[in-house]
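Colleague: Hi, could you pull up the model so we can go through it together?
Modeller: Sure, here it is.

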Amino acid sequence: MNQEIQITKLPSQRQQQQELPREDGATEEDRTSSQGQHQQDQGHHQATTQGGGAAAGHHHHHRSNKLTLLPLVFLIYFEVAGGPYGSERAVRAAGPLFTLLGFLVFPFAWGVPESLVTAELSAALPGNGGFVLWADRAFGPLAGSLLGTWKYLSCVINIAAYPALVADYLGRAVPAVAGPGRTRTGTVVGMTLLLSFLNYTGLSIVGWGAVALGLVSLAPFVLMTGIAVPKVRPRRWAAQVEGRKDWRLFFNTLFWNLNYWDSASTMAGEVERPERTFPRALAVAVLIIAASYLLPLMAATGATAAPPEEWANGYLVDAAGIIGGAWLKYWIQAGAVLSSVGMFEAQLSSGAYQLLGMAELGLLPAVFARRATRFRTPWVAIAASTAVTLAVSFLGFDDVVATANFLYSLGTLLEFAAFLWLRARVPDLKRPYRVPLPLPALAAMCAVPSAFLAYVCVVAGWRVFALAGALTALGVGWHGAMRLCRSKKWLRFNTAVVAAAADDHQGEDDDGDRV
């Protein structure tokens, strides 16, 4: 399992040409169950492993579970969007016109730069852990650990919003679920546990399940858009909100609906030919996501006369009933549940494989790299992510969105810095896909989304500042604690990977690749 990390970490061009992959630092139990499979996937058949006979069987099973283009497209779709559900608050905050402009411009001004960064670095460093690998390679283990902390906490806090969002939509049909009480609590907890178990059954199942969920949940919006065309009155798009516009809520809602383009990178080690599959999947996903928001919102705001103040979470269900009748209303209501299921599954997979990658890098104890014998899924990482999700499930929706956005913004700023640093300081890094721009143009490309990220951080409320600051301090403390546990041998770590990384960094210092 850990051989892949050493291969994909690409220490330097000199070492890449001269060295074969070294043995991992996993326990004998871990090595027996997974040894050799990733090396074979990468074409390193000449590398020596123990237990080769067993590895061959695992290799065939693992390749059959690799993600291909279509499942990856829909996993990215659910990582980022999952449909226009949850976008209603943008209309309430700033009115239809600004909402339509936001969902027209933002997927390209924000999504395209982040997609290009993700495509290049996922192809260059295609191991589980994604952006953690990038920051670790650029700035060292502390940066990798801190970026991992920000992104992971952002991910699991974000996941916690989906069962609550489902409860909001179900509450329109079952009033007992809408308000606080045992019924809503049971719904949220029950959904979280059930969906976490489904994630345990395998990434290939989750990927093809995302395809089915995506098609079923998008279909009613396609129908609603078509039915609404003769009913649209363009003047309704200019409706104004009462009083002042709530720009903080507007941008937080916009950002929350259209971020996490890089989350699928944490599963790059599970993707078939990531150097080809990732760029293509991201390009297709950008177009699908932009259309999935813009067209239904144009239809709903133009074909219904509801003022912006009525646009709360779940209003798209009511708009579907007005436009197409009860059958369309119930289909979109069911689609909201299916969409939230898809988003939950995709992002839980991302978070779990991030922990797996961090364990393979030696940033977390080796136990987080354990895979289930039958499904090859990181069951310890899935269980840990589920527990954290449950712990934050009952925060207010707006607090969840704002805190997730803040932590994600910090992480993405560091991610952009790692991307530019690697281009400048490690120009000879093998990049199967390379953004066809010179370094100054890349800096300009990253500047636009970085300005927006800075804005999201600045407008966060004091509670978000306090919570994010405490979680950041926790991340720094956690990294120090892991270093102490590793040096004292209180916990098992993949120490061979850590030692290799230290040698690689020293080699880069000698070659002038790092400062």
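Colleague: Let's start with R423 and E120: buried or exposed?
Modeller: R423 and E120 are both buried. Keep in mind that this is a predicted model.

Colleague: Okay, and what does R423 form with E120?
Modeller: A salt bridge, with the closest N and O atoms 2.9 Å apart. This pair links distant parts of the chain, as R423 sits in helix 20 (residues 397-425) and E120 in helix 9 (residues 111-124), 303 residues apart.

Colleague: Which residues are linked with R423 in a network?
Modeller: E120 and R431 join R423 in a network of salt bridges.

Colleague: How many salt bridges are there in the whole structure?
Modeller: Six turn up when the whole structure is searched. Among them is K151 with E415, whose closest N and O atoms are 3.0 Å apart. That one links distant parts of the chain too: K151 is in helix 11 (residues 141-170) and E415 in helix 20, 264 residues apart. Both K151 and E415 are buried.

Colleague: What about E270, which residue does it form a salt bridge with?
Modeller: With R371, at 3.0 Å between the closest N and O atoms. E270 lies in the loop between helix 15 (247-257) and helix 16 (274-303), while R371 lies in the loop between helix 18 (326-360) and helix 19 (379-391).

Colleague: Switching topic, which residues make the nonpolar surface patch?
Modeller: L97, F98, L101, L104, V105 and W247 make a patch of about 510 Å². Helix 8 (residues 96-109) gives the most, with five residues.

Colleague: Why does F98 count as partly exposed?
Modeller: Because its relative accessibility is 35%, and partly exposed runs between the 20% and 50% cut-offs.

Key
Residues numbered from 1 in each chain as written. Predicted model: local features only at pLDDT ≥ 70, side-chain atom pairs only at ≥ 80, totals over all residues. Heavy atoms only, no water. Patch = residues over 30% accessible without salt bridge, like charges linked within 9 Å, V, L, I, M, F, W, Y side chains within 5 Å. Areas by Shrake-Rupley, 256 points an atom, 1.4 Å probe, with all protein chains shown as cover. Salt bridge = Lys/Arg side-chain N within 4 Å of Asp/Glu carboxyl O. Helix = DSSP H or I, 4+ residues; strand = E, 2+ residues; numbered from the N terminus. Buried < 20%, exposed > 50% of the residue type's maximum accessible area, 1.4 Å probe, protein only.
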